[in-house]
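Reader: Could you walk me through the reasoning behind the labels used for this model? I would like to see each value set beside its cut-off.

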Amino acid sequence: YHAWVTDRENARCPGGESVVEMTERVLAAVTQIAGENPDQTVLLVSHSTPIHAMYALAVNGSLDHMNNLPLAPNAALTIIRYDGGKWSYEDCVDSYLAELKTELPKNV
């Protein structure tokens with residue numbers, strides 16, 4: 001947990017992959033999907049950590065300072081664009097959730 005809070009990009013659950021390794025795997029898959037669907041809108045559904053990693057890449061160009069970026073609430077719609085090999089963050093929409101919106105603890 002300490003590694004997750006202080007150094008998320010290098011955190012690794014026992015027997016699992018690190019966030020960096022997961023990001024490499026997810027980025028390859030998402031880039032392939034984007035490349036196979038030029039000029040299309042594609043909906044991908046995932047857990048929060050892959051979304052958070054893609055958000056960090058779109059905003060920072062790397063996972064550096066990933067801990068400083070907010071996590072999207074459960075069931076939010078995070079919009080990330082792929083254009084000419086470049087990722088960019090557009091929006092995180094959660095207003096439709098109203099009172100169902102989850103709030104993460106401040107220490108997460």
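**Core and aromatic pairs**

Author: Happily! In this predicted model, the largest nonpolar core has 15 residues, and M54, L63, M66 and W87 touch the most other members. Helices α2 (19–36) and α3 are the elements that give two or more residues to this core, with α3 giving the most, six residues.

Reader: What makes W87 count as buried or exposed?

Author: Its relative accessible area is 14%, and buried means under 20%, so W87 is buried. Beyond its neighbours within four places in sequence, W87 is in contact with residues including L27, V30, M54 and A58.

Reader: How many aromatic pairs are there, and why is the one between Y55 and Y89 called tilted?

Author: The count is two. For Y55 and Y89, the centres are 4.6 Å apart and the planes at 55°. Rings pair within 6.5 Å, and angles that are neither under 30 degrees nor over 60 count as tilted, so the label follows. Y55 sits in helix α3 (residues 48–60) and Y89 in strand β2 (residues 86–93), so this pair ties together parts 34 residues apart in sequence.

Reader: Why are Y55 and Y89 given their burial labels?

Author: Y55 has 13% relative accessibility, so with the cut-off at under 20% it counts as buried. Y89 has 31%, which falls between 20% and 50%, so Y89 is partly exposed.

Reader: And what makes the pair of Y82 and W87 tilted?

Author: Their ring centres lie 4.4 Å apart with the planes at 50°, so this pair is tilted too. Y82 is partly exposed at 31%, whereas W87 is buried.

Technical notes
Residues are numbered from 1 along each chain as its sequence is written. This is a predicted model: local features need pLDDT of at least 70, side-chain atom pairs count only at pLDDT 80 or more; totals for chains, interfaces and linings use all residues. Side-chain values use heavy atoms; hydrogens and water are left out. Rings of Phe, Tyr and Trp (its six-membered ring) pair if their centres lie within 6.5 Å; planes under 30 degrees apart count as stacked, over 60 as edge-to-face and the rest as tilted. Helices (H or I, at least four residues) and strands (E, at least two) are DSSP runs, numbered from the N terminus. Buried means under 20% relative accessible area, exposed over 50%, partly exposed in between (1.4 Å probe, protein chains only). A nonpolar core is a set of buried Ala, Val, Leu, Ile, Met, Phe, Trp, Tyr and Cys residues joined through side-chain atoms within 4.5 Å. Contact means heavy atoms within 4.5 Å.
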